[in-house]
Amino acid sequence: MNKYIKYTFAALGLMTAFTGCDDFGDVNIDPENMNEGNVPYEMVFTNAQHQALGSDWDVWRNGCIYSGQWVQHLTSIDWWWNYNLYAYSDAYSGAYWDGVYSGDRGAVRDVTTVLDLWKDKEGYGIDYNMSRVMRVYVMHRMTDLYGDIPYSEAGRPNEYSYPKYDTQQEIYMDMLNSWIRHKQI
């Protein structure tokens with residue numbers, strides 16, 4: 001009897017192993033990562049818009065605390081350690097960079113993703129043009145704050161893990177030329 005049970009379970013195991021659904025990839029959508037199966041890309045664009053404007057934290061750190069001391073908008077004799085001292089701070093100067101380029105808030109990644117996705121997609125002409133304007137806005141602000149930045153390869157982490165830095169002149173010329181090319185179409 002013991003042999004009969006072993007052979008039965010072995011047969012059932014083989015039948016289970018060789019039987020399966022053909023469309024397993026269609027039902028195996030990773031709920032932990034963004035993909036077309038679980039997040040509409042319109043929401044990704046909305047996140048890019050929100051993050052490109054900056055949160056309270058990075059705008060306060062980069063715009064007020066850090067930049068304010070250089071132009072003497074803020075000063076203190078004892079309240080804050082670096083007001084009025086012209087002191088460099090990595091955390092303050094890089095606050096907007098970190099929020100726009102990296103992490104969950106990566107506005108450059110999100111806006112470039114939808115830009116690439118909507119470029120030739122039927123019915124997404126207006127959305128594509130909004131994403132073009134949003135990417136120019138983000139990159140304009142970044143290059144004004146930091147000078148030479150990743151631009152042409154930025155926002156495509158699967159293709160470029162270390163995007164090259166473009167000069168400020170190349171960035172502005174590309175932004176202007178893309179507007180001129182698009183206007184002529």
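How many residues does α8 have, and how far does α8 reach from its first C-alpha to its last? The points below begin with the chain as a whole and then return to this helix.

1. **Overall architecture.** The structure is a predicted model. Its chain has nine helices and two strands. In sequence order, the elements follow the pattern α-α-α-α-α-α-α-α-β-β-α. The chain has 185 residues, and 31% of them count as buried. The chain exposes about 12,800 Å², and carbon and sulfur atoms supply 58% of that area. Among contacts with a separation of 6 or more, 52% are between residues 24 or more positions apart.

2. **Helix α8.** The opening question can now be answered: α8 has 22 residues and reaches 31 Å from its first C-alpha to its last. That reach is close to the 32 Å expected at 1.5 Å a residue. The buried residues of α8 are Y128, S131, R132, M134, R135, V138, M139, M142 and T143. A general point about helices helps in reading such a list. An α-helix has 3.6 residues a turn, so residues three or four places apart point the same way. Just after α8, G147 takes a positive phi of about 85 degrees.

3. **Helix α7.** Residues 107-118 form α7, a helix of twelve residues. From first C-alpha to last, α7 reaches 16 Å, close to the 16 Å expected at 1.5 Å a residue. Its buried residues are A107, V108, D110, V111, T112, V114, L115 and W118. The cover over these residues includes α3 (41-53), α6 (95-101) and α8 (125-146).

4. **The nonpolar core.** Which residues have the most contacts inside the largest nonpolar core? They are V100, Y101, V108, W118, V138, M139 and M142, in a core of 25 residues. The elements that give two or more residues to this core are α3, α6, α7, α8 and α9 (168-184). Of these, α7 gives the most, with six residues. In soluble globular proteins, nonpolar side chains tend to be buried together.

5. **M142 as an example.** M142 is one of the buried residues of α8 and is also among the residues with the most contacts inside the core. Beyond four places in sequence, M142 touches Y96, W97, V100, Y101, G147 and I149. Two of these partners, V100 and Y101, are likewise among the residues with the most contacts in the core. Another partner, G147, is the residue with the positive phi just after α8.

6. **R156 and D116.** Where does R156 lie? R156 lies in the loop between β1 (149-150) and β2 (165-166). The side chains of R156 and D116 meet in a salt bridge, with N to O at 2.9 Å. This pair links distant parts of the chain, with R156 in the loop between β1 and β2, D116 in helix α7, and their positions 40 residues apart. R156 counts as buried because its relative accessible area is 19%, under the 20% cut-off. D116, at 37%, is partly exposed. Leaving aside residues up to four places away in sequence, R156 touches T112, D116 and R135. T112 is among the buried residues of α7, and R135 is among those of α8.

7. **The other salt bridges.** The count of salt bridges comes to three. In one of them, the side chains of R109 and D110 meet at 3.1 Å, N to O. R109 is partly exposed, at 24% relative accessibility, whereas D110 is buried, with a relative accessible area of 3%. In another, D166 pairs with K164, and the closest N and O atoms are 3.4 Å apart. Here D166 is buried at 5%, while K164 is partly exposed at 43%.

8. **D144 and its contacts.** Is D144, a residue of helix α8, buried or partly exposed? D144 is partly exposed because its relative accessible area is 46%, and the partly exposed class runs between 20% and 50%. Apart from neighbours within four places in sequence, D144 is in contact with Q168 and Y172. D144 and Q168 are 24 residues apart in sequence, and their C-alpha atoms are 8.3 Å apart in space.

Methods
Residues are numbered from 1 along each chain as its sequence is written. This is a predicted model: local features need pLDDT of at least 70, side-chain atom pairs count only at pLDDT 80 or more; totals for chains, interfaces and linings use all residues. Side-chain values use heavy atoms; hydrogens and water are left out. Helices (H or I, at least four residues) and strands (E, at least two) are DSSP runs, numbered from the N terminus. The expected span of a helix is 1.5 Å times one less than its number of residues. Buried means under 20% relative accessible area, exposed over 50%, partly exposed in between (1.4 Å probe, protein chains only). Contact means heavy atoms within 4.5 Å. A salt bridge is a side-chain nitrogen of Lys or Arg within 4 Å of a carboxyl oxygen of Asp or Glu. Accessible areas come from the Shrake-Rupley method with a 1.4 Å probe; for residues, only the protein chains shown count as cover. A nonpolar core is a set of buried Ala, Val, Leu, Ile, Met, Phe, Trp, Tyr and Cys residues joined through side-chain atoms within 4.5 Å.
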